[in-house]
Amino acid sequence: MTHPTVHPTAPHTPAPTPQRQPPTGPANGSRSGAHAGASSASDGGATTPSPRLEALRDALAAGQRAVGTTSPGPSDRQRGVALLLAMTTIAILSVFSLEFTYQSRVAVRTSSYVESEIEAYLHARAAVELAAMVIGSTDIVDAIISKYASMLGGRKPNITTAAYACDFVNAFCKGKMTLMGIELVNLEDSEGAGLERGSCGCKSSDEDGRVNINRVGNLREKQSVFDTLYKLFERHEGVSQPGELDKDMAQLALNVIDWADEDNTRTDIDPATRKLQRGTGAEGVAYAKNGYKSKDARFDTTAEVRLVEGMTDALWCKVRGQLTVYNTNKINVNTAPLDVIKALVCKNLANPAHELIACQRSFQGQVWTPVDAAAQYLEVCRTLKKLMFSPPFSSPVKFTRFFDKLGTVLPAEYANVVRINRGRMLQDVNTRGQIVRIVSYGTAGPVTKTITALLDTTTRQFVYWRED
Ligand SMILES: [Ca+2]
């Protein structure tokens, strides 16, 4: 039955016809055996579609060529993937590039800041070292002054280099030196003076003008420290009438002393005579609630005073610049803060009964007491003398005599009540300093560095150094 159908078509289905079948897929091929007859019959019955399909393909190819595209094929897909990869790579590189640029910028800024920081530090350090050098040149200054003393009528001025060290430093930093607003020296064009970038300078002060809270070696030293310290506290925050013992302030002064002394026994005071005596109780009782004990060793810094029982933040802020822990014995009245001077005067009045009037504590600065007036006048004298490169008081005796002359400038009722007991005052005061505090600064770009250094002028060694 198949033969008649196959044979007639056989001449019409030459080899080329089945060869065009493969593009339709392998499925057709698999069917070729089973439906060979049928397909042959249909192909055989439609020989015309073959050239038409050819024409259609040609037209499609021409059309694609005309529009500049190619028919999708394996090579075009590869090109698409490559493009995608390239775009992804560029995108990733762009992100990396941006990150790298940012990091580079941060690194450049950081290195620039570090450079400024080092430069500022070196400026501040140079100022300290220069000040120390000037302070150490006392011998040279003395030699020059002695040489020219004859020109000054044989009178040799007592110049302390420590007080003016920073004036020299500032002159080197700025390239200019002024005195009382008048330009003395201009070194701006000189090599080695002034700074091309940034600035520097310093301020010096005397530690010996402060109350040494570490002088607690024996009862006599303790008594001396107590008397001044108590007066200082009492004038700042005492609530009792002047002349009466303010128990809280007295206890605070005793606590400061007990913190630094080596024993663990409380120091007591006789309220009537205000004489210190060795107590009987232990010091640590009040500290139990704080979780620490009384140190029973010298203060390392004045900041430790904040740990002492009874010390408040408010009082600490008032007295922090009036205390020292360095090896000073007597208070240098040429540099002492006015509050310390006032405490000394009130402590050593010729007639203690005058304390009520002379040292009446002002309420928020509203009351102008005789001791305030005397201290203010003393400050004017100190400033004028300093401007003339001369120490305000050349000796402790000159300081005590200052109070005898107050009657010429103050009302008699003021001058009379602030007379002092010269003998007692001489035990407390001095006119030369030993420890100099130098606070220097250096700037470069946006950075400012500060160095606080304490120089012992006798050993010419720094005993304290702090960088901020
Ligand atoms: Ca103690």
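The largest nonpolar core here has 52 residues, and the ones with the most contacts inside it are Ile 213, Leu 229, Ala 253, Val 256, Val 345 and Val 418. Five helices give two or more residues to this core: H9 (219-237), H10 (247-260), H12 (338-347), H14 (370-387) and H16 (412-417). Of these, H10 gives the most, with nine residues. Keep in mind that this is a predicted model, so let's also look at how confident it is.

**The chain overall**

- The protein chain contains 17 helices and 12 strands.
- Out of its 468 residues, 29% are buried.
- Take the contacts in the chain with a separation of 6 or more: 66% of them come from residues 24 or more positions apart.

**How confident the model is**

- The chain averages a pLDDT of 79, and 79% of the residues score at least 70.
- Go easy on residues 1-47, where pLDDT stays under 50.
- For that same stretch, residues 1-47, the model has 19 contacts beyond four places in sequence.

**Inside the cores**

- A good place to start looking is Ile 213, one of the residues with the most contacts inside the largest core.
- Leaving out residues up to four places away in sequence, Ile 213 touches Val 225, Leu 229, Val 256, Ala 260, Phe 299, Val 305, Leu 323 and Val 325.
- Two of those partners, Leu 229 and Val 256, are also on the list of residues with the most contacts in the core.
- Apart from this core lies another one, of 28 residues, among them Ala 124, Ala 131, Cys 200 and Leu 455.

**Helix H12 and its partner H14**

- Both H12 and H14 give two or more residues to the largest core, and their axes come within 10 Å of each other, crossing at roughly 130°.
- That angle is why H12 counts as oblique to H14.
- The crossing of H12 past H14 is right-handed.
- On the H12 side, the contact is made by Leu 338, Ile 341, Lys 342, Val 345 and Cys 346.
- On the H14 side, Val 371, Ala 374, Ala 375, Leu 378 and Glu 379 make the contact.
- H12 is mostly covered, with eight of its 10 residues buried.
- Those buried residues are Val 340, Ile 341, Lys 342, Ala 343, Leu 344, Val 345, Cys 346 and Lys 347.
- Val 345 is worth a second look: Val 345 is buried, takes part in the contact with H14 and is among the residues with the most contacts inside the largest core.

Notes
Residues are numbered from 1 along each chain as its sequence is written. This is a predicted model: local features need pLDDT of at least 70, side-chain atom pairs count only at pLDDT 80 or more; totals for chains, interfaces and linings use all residues. pLDDT is the predictor's confidence in each residue, from 0 to 100. Two residues are in contact if their C-beta atoms, placed from the backbone, lie within 7 Å. A nonpolar core is a set of buried Ala, Val, Leu, Ile, Met, Phe, Trp, Tyr and Cys residues joined through C-beta atoms within 7 Å. A residue is buried if 20 or more other C-beta atoms lie within 10 Å of its own, exposed if 12 or fewer, and partly exposed in between; C-beta atoms are placed from the backbone. Helices (H or I, at least four residues) and strands (E, at least two) are DSSP runs, numbered from the N terminus. Axes are lines fitted to C-alpha atoms, for helices over the stretch in contact, and angles run from 0 to 180 degrees between N-to-C directions. Angles under 35 degrees count as roughly parallel, over 145 as roughly antiparallel, 65 to 115 as roughly perpendicular and the rest as oblique. A crossing is left-handed if the near helix is turned anticlockwise from the far one by less than a right angle, and right-handed if clockwise.
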